[in-house]
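This report describes one protein chain, beginning with a single helix and then turning to the chain as a whole.

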Amino acid sequence: MFFSEFNLKNRDLYLNKLIAFKDTEPVKVITGIRRCGKSSLMRLMIHHLKNSGIADEQIIFMNFESMEYRNIDSTSLYEHIKGKIIKDKTMYLFFDEVQRVPQWQDAINSFRVDFQSDIYITGSNAYLLSSEFSTYLAGRYVEIKMLPLSFAEFIDFNNYIIKEYNSPAGGLRKRVYDANGEIYSIDELFEAYLKFGGMPGISDVGLVQDKVLTLLDGIYSTIVVRDILEREKRRGQKQITDSDLLRKIIMFLADNIGNNTSITSIGNTLVNEGLLDEGVRKSKPAVKTVQSYVGALLESYVFYEIKRFDIKGKDYLRTLGKYYIVDSGLRNYLLGFRDADRGHLIENIVYFELLRRGYDVAIGKVGNKEVDFIATKADDKKYIQVTETMAAQETKERELAPLKMIRDNYEKIILTTDRSFITSYDGIKIVNLTDWLVD
């Protein structure tokens, strides 16, 4: 049942959420793309329980990707757990990739009803939280949405330490030190993060391009085969059967992160490339086909969709949202390493950092201009523009213009890789991107 805790890195952002719900009724559901650290988060929680005085016999961990459980179903799972229950003790039940068990939700609901238990499950597909599961546990589960490493976590996982120093130009700056005391600029580490992404496994293979690409190839193949193609078999559906078409749609979305995109525009591009039959497109099923494939990619947490919000009209718009890919390394694996669209890649990183920080995020429309992100949560709202550099006057005016049109008093920020002693224009803050990411 147990595993080595050697080299288990902290993911405090997520662990603290689990700890906050410890010994409460809701089932704790950890979701996220494959290999983003869900299993390790379970290990961290088990480590916390043991340090809190919980006996080993009260903790049960099962990973359903193991051959040991290949033929298990909900009934045999129930009987297996029932035989390990300790009377008058809380049992801590951990089920990794539980969606691989047929009718797993029957067993999970029974554990909740029949035993004194605290339940934690993971899944790599949003189908885990489908209406079927929600019906069983309506209002009785809490979702912990897990992402690949943030930039700050990336630094920690790769055994670097950030130290601040007083700059001769004024203010605090940051340097990064490795285990041997070698000094790097934080911007150097950001270039590595931009290039290789934040999949935790990278820290095991090292920041070596060939090794990282091999790792990412394995992750991509597993997502496509297990979480998309196999998912269709489990659901008894045949909407997604063409692996070549699936890859083309993945490539299209990866190549267009941060661009206004519609399902129709994706379909039209595929027709123009000869990947969808023109007659099929005219009779409308093409839109349905593309929608099914894009939906599968969203369910597997490879891409995230963001809607546009009319700031003046105070309403979401139905047309032309955007898609962002969950990890920059995966995108570089798919498309190759290139500098042409660094701006969109940086924007992609900011989007996911905002999600980590608990914000709901939308694209802002103000008049005929666009704000990259409106980030809101219960007690906070921010308007954020993202640009690689503001060195050119034209760029500066373009980034400032939509923020100047917003008349409320919420915080307005431009994130840029530039470093300058100018920190604001007309109340709009200018913030260095890497400083913002590690703060």
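In this predicted model, helix α7 spans residues 186-196, and its buried residues are I186, L189, F190, A192, Y193, L194 and F196. An α-helix has 3.6 residues a turn, so residues three or four places apart point the same way. Just after α7, G197 adopts a positive phi of about 85 degrees.

The secondary structure of the chain consists of 17 helices and 16 strands. Confidence varies among these elements, and the two extremes of mean pLDDT are tabulated below.

| Element | Residues | Mean pLDDT |
|---|---|---|
| Helix α12 | 278-282 | 49 (lowest) |
| Strand β3 | 91-96 | 98 (highest) |

Over the chain, pLDDT averages 89, and 90% of the residues score at least 70.

The overall dimensions follow. A compact globule of 439 residues would have a radius of gyration near 22 Å, and the value for the chain, 23 Å, agrees with this. Along the principal axes, the C-alpha atoms fill a box of roughly 70 × 65 × 45 Å.

Of the 439 residues, 49% are buried. Among contacts with a separation of 6 or more, 67% join residues 24 or more positions apart.

The surface and the charges complete the description. The chain exposes about 21000 Å², of which carbon and sulfur atoms supply 46%. The chain carries 60 positive and 62 negative charges, and the mean positions of the two sets lie 3 Å apart.

How values were computed:
Residues are numbered from 1 along each chain as its sequence is written. This is a predicted model: local features need pLDDT of at least 70, side-chain atom pairs count only at pLDDT 80 or more; totals for chains, interfaces and linings use all residues. Side-chain values use heavy atoms; hydrogens and water are left out. Helices (H or I, at least four residues) and strands (E, at least two) are DSSP runs, numbered from the N terminus. The radius of gyration is taken over C-alpha atoms; the globule rule is 2.2 Å times the number of residues to the power 0.38. Buried means under 20% relative accessible area, exposed over 50%, partly exposed in between (1.4 Å probe, protein chains only). Contact means heavy atoms within 4.5 Å. Accessible areas come from the Shrake-Rupley method with a 1.4 Å probe; for residues, only the protein chains shown count as cover. Lys and Arg count as positive and Asp and Glu as negative; His and the chain ends are not counted. The place of a charge is taken as NZ of Lys, CZ of Arg, CG of Asp or CD of Glu. pLDDT is the predictor's confidence in each residue, from 0 to 100.
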